[in-house]
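Please open the structure in a viewer and keep the selection panel at hand. The tour below proceeds by selections, each followed by what is found there.

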Protein chains: 2
Amino acid sequence: MLVYYLRLMARIKIDKNSSRKEVIVAKAAALFREKGFKAASMRDLAESVGVEAASLYNHIKSKTELLHELCFGVANRFMHKMDEVESQKIPAIEKVETMIRFHIDEMINHYEEVYVSDREWKHLSDPYLSNFQNQRRMYRKRFAALIEAGIRDKEIKKIDAPTAVLILLHAIGGIESWHRSTQKISAAALTDNMITILVGGLTNK
Amino acid sequence: MLVYYLRLMARIKIDKNSSRKEVIVAKAAALFREKGFKAASMRDLAESVGVEAASLYNHIKSKTELLHELCFGVANRFMHKMDEVESQKIPAIEKVETMIRFHIDEMINHYEEVYVSDREWKHLSDPYLSNFQNQRRMYRKRFAALIEAGIRDKEIKKIDAPTAVLILLHAIGGIESWHRSTQKISAAALTDNMITILVGGLTNK
DNA sequence: ATAATATACTAACATGTGTTAGCAAAAAAA
DNA sequence: TTTTTTTGCTAACACATGTTAGTATATTAT
């Protein structure tokens with residue numbers, strides 16, 4: 001008996017507003033988050049996309065490009081928010097709280113990308129690496145400046161501003177554990193608790 | 001002209017209180033911290049130890065064993081401290097502060113090991129992986145219990161204790177950035193600032 | 001000095017990696 | 001339909017990886 005097998009080729013599914021490359025980048029974010037950039041192989045990624053490894057290269061230039069895309073995508077969002085907040089005419093402590101809320105929101109709703117950008121940027125290669133590090137340094141300086149303004153206005157305790165920034169940013173990174181935990185409190189409750197502790201820790205009186 | 005090359009073999013230098021294995025583990029901590037577990041190769045490690053890669057295997061069983069050693073070494077230290085603090089007869093808020101200070105101290109003085117244990121444990125393999133995860137969960141539960149006791153005694157704000165733990169632990173992880181920064185404030189100043197913000201964020205009034 | 005043990009070396013292996021070449025098939029444009 | 005372009009496939013590459021075998025050389029014990 002002669003049997004013909006109909007071979008149909010896989011295809012990367014896309015919805016209206018996202019290119020195939022964007023689908024790959026999104027899957028990469030999830031995978032890099034789960035395994036780490038180095039431990040995640042292109043064959044892993046291919047499988048999660050539903051295609052053979054070589055096929056990915058019709059859409060992307062390299063594995064590292066995926067990391068660029070993720071890291072700078074996230075970095076740009078934070079930079080733009082910082083621009084926006086800096087130019088607002090509100091008390092410094094409110095600026096700080098706005099930024100904290102933004103960080104929390106990003107960490108809740110764009111978990112994978114933000115997490116990867118935060119933990120895996122080391123694996124970028126120059127010139128992207130130094131570029132990213134510079135942006136990061138700059139961002140933290142601007143954040144510290146917000147806090148220092150709050151200290152001058154006596155809204156915020158007399159503390160070392162860079163240390164405060166470092167605490168804030170890393171504390172928010174802890175939302176990672178919230179995502180992984182089985183019995184999550186609601187996102188709103190999480191946000192409230194974080195704001196209470198963090199802003200409470202900064203505020204004068 | 002005939003020339004004889006005198007070949008002398010490298011040797012892992014040890015001082016009185018540390019075996020060759022301990023030297024390797026220490027170097028591994030530094031390397032894993034810098035590059036990440038996956039990205040750090042045994043040849044890298046060998047070079048940093050001053051020996052050929054194969055020679056390492058006279059002292060260790062595998063690359064993963066190095067990670068075990070580091071992760072469980074750190075985990076045990078924290079567990080023992082928790083035992084000690086739990087059994088003390090002092091207010092809950094002071095227990096919390098003691099533990100926070102211990103974390104800060106560990107992060108300052110045993111940076112590499114603690115950092116690696118915190119970030120690279122994912123690369124452990126079962127049964128060590130589940131074991132480690134269990135210990136971690138347990139530890140956080142006990143930490144949360146300290147905070148809950150403080151809430152009952154009205155020493156600590158009414159907050160979600162697990163969330164508070166997650167904030168505390170991750171915030172302290174931020175000392176990583178302090179280590180990497182060029183213009184460091186003193187360790188004592190860092191500690192003071194962190195205590196001010198974190199304990200201040202928890203304390204009622 | 002001799003024997004025994006600990007430690008290091010060279011060479012090589014099997015495996016997993018990112019990536020490319022060349023071709024097939026599907027989709028889009030003509 | 002025919003042509004062109006996009007997208008996927010198989011096969012293979014060059015290279016890095018963790019690790020082992022077998023051997024040489026130090027160090028320690030007898």
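**DNA strand C**

Begin with the protein surface near DNA strand C, which by class comprises 10 nonpolar, 5 polar and 8 charged residues. The model is a predicted one. Around DNA strand C there are 23 residues, of which A:Tyr57, B:Ile12, B:Glu52, B:Asn58 and B:His59 come nearest. Of the atoms of this strand that come within 4 Å of the protein, 67% belong to sugar and phosphate.

Select B:His59 next: an N or O atom of its side chain is 2.6 Å from a phosphate oxygen of DNA strand C. B:Arg20 also reaches the backbone of the strand, with a side-chain N or O atom 3.3 Å from a phosphate oxygen. What does the side chain of B:Asn58 meet on DNA strand C? Here the partner is a base nitrogen, 2.6 Å from a polar side-chain atom of B:Asn58.

**DNA strand D**

Move to DNA strand D and display the 23 residues around it; A:Ile12, A:Glu52, A:Asn58, A:His59 and B:Tyr57 come nearest. Sugar and phosphate again supply 67% of the strand atoms that come within 4 Å of the protein. The surface near DNA strand D divides into 10 nonpolar, 5 polar and 8 charged residues.

Three polar contacts may be inspected here, each to a phosphate oxygen of DNA strand D:

- A:Ser55, through a polar side-chain atom at 2.8 Å.
- B:Lys63, through a polar side-chain atom at 2.8 Å.
- B:Ala40, through a polar backbone atom at 3.5 Å.

**The relation between the chains**

Now select chains A and B as a pair. A turn of 180 degrees, with a shift of 0.0 Å along the axis, lays chain A on chain B with an RMSD of 0.0 Å. The two copies are therefore related as by a two-fold rotation axis. To locate the axis from chain A, select A:Gly201, whose C-alpha is the nearest to it in that chain, at 1.8 Å. Both copies use the same surface, since 100% of the contact residues of chain A recur in chain B.

A:Thr196 is a useful selection to make after A:Gly201. A:Thr196 lies in helix α9 of chain A, residues 187-202. Beyond its neighbours within four places in sequence, A:Thr196 is in contact with A:Gly201, B:Lys157, B:Ile159 and B:Gly201. A polar atom of the A:Thr196 side chain lies 2.8 Å from the backbone oxygen of A:Asp192. The relative accessible area of A:Thr196 is 33%, so the residue is partly exposed.

Continue to B:His170, in helix α7 (residues 161-173) of chain B. Is B:His170 buried or exposed? Its relative accessibility is 12%, and B:His170 therefore counts as buried, the cut-off for buried being under 20%. Leaving aside neighbours within four places in sequence, B:His170 is in contact with A:His170, A:Ala171, A:Gly173, A:Gly174, A:Glu176, A:Ser177 and B:Arg140. The side chain of B:His170 also reaches the backbone oxygen of B:Leu166, at 3.0 Å.

**The nonpolar core**

Next, colour the nonpolar residues. The largest nonpolar core has 84 residues, and those with the most contacts inside it are A:Ile100, A:Phe143, A:Ile147, B:Ile100, B:Phe143 and B:Ile147. Centre the view on B:Ile100, which touches B:Phe143, B:Leu168, B:Ile172, B:Ile195, B:Leu198 and B:Val199, residues up to four places away in sequence not being counted.

**Backbone geometry**

Most residues other than glycine have a negative phi, and most peptide bonds are trans. The following selections concern these two properties.

Select A:Asp126 and A:Pro127: a cis peptide bond joins them, with omega about 5 degrees. A:Pro127 is placed in the loop between α5 (111-119) and α6 (128-152) of chain A. In chain B, B:Asp126 and B:Pro127 are likewise joined by a cis peptide bond, with omega about 5 degrees.

Which sign does phi take at A:Lys154? The value is positive, near 65 degrees. A:Lys154 occupies the loop between α6 and α7 (161-173) of chain A and is exposed, with a relative accessible area of 66%. For B:Lys154, phi is also near 65 degrees, and its relative accessibility of 65% counts as exposed.

**Final selection**

Finish at B:Arg11, in the segment before α1 (20-35) of chain B. With 60% relative accessibility, B:Arg11 counts as exposed. Draw a C-alpha to C-alpha distance from B:Arg11 to B:Arg101: the two are 39 Å apart in space and 90 residues apart in sequence.

Definitions and conventions:
Residues numbered from 1 in each chain as written. Chains lettered and ligands numbered in written order. Predicted model: local features only at pLDDT ≥ 70, side-chain atom pairs only at ≥ 80, totals over all residues. Heavy atoms only, no water. Core = buried A, V, L, I, M, F, W, Y, C linked by side-chain atoms within 4.5 Å. Buried < 20%, exposed > 50% of the residue type's maximum accessible area, 1.4 Å probe, protein only. Contact = heavy atoms within 4.5 Å. Near = heavy atom within 4 Å. Polar contact = N/O pair within 3.5 Å; in protein donor to acceptor, adjacent residues only side chain to side chain. Nonpolar A, V, L, I, M, F, W, Y, C, P; charged D, E, K, R; others polar. Least-squares fit on C-alpha atoms with pLDDT ≥ 70 in both. Helix = DSSP H or I, 4+ residues; strand = E, 2+ residues; numbered from the N terminus.
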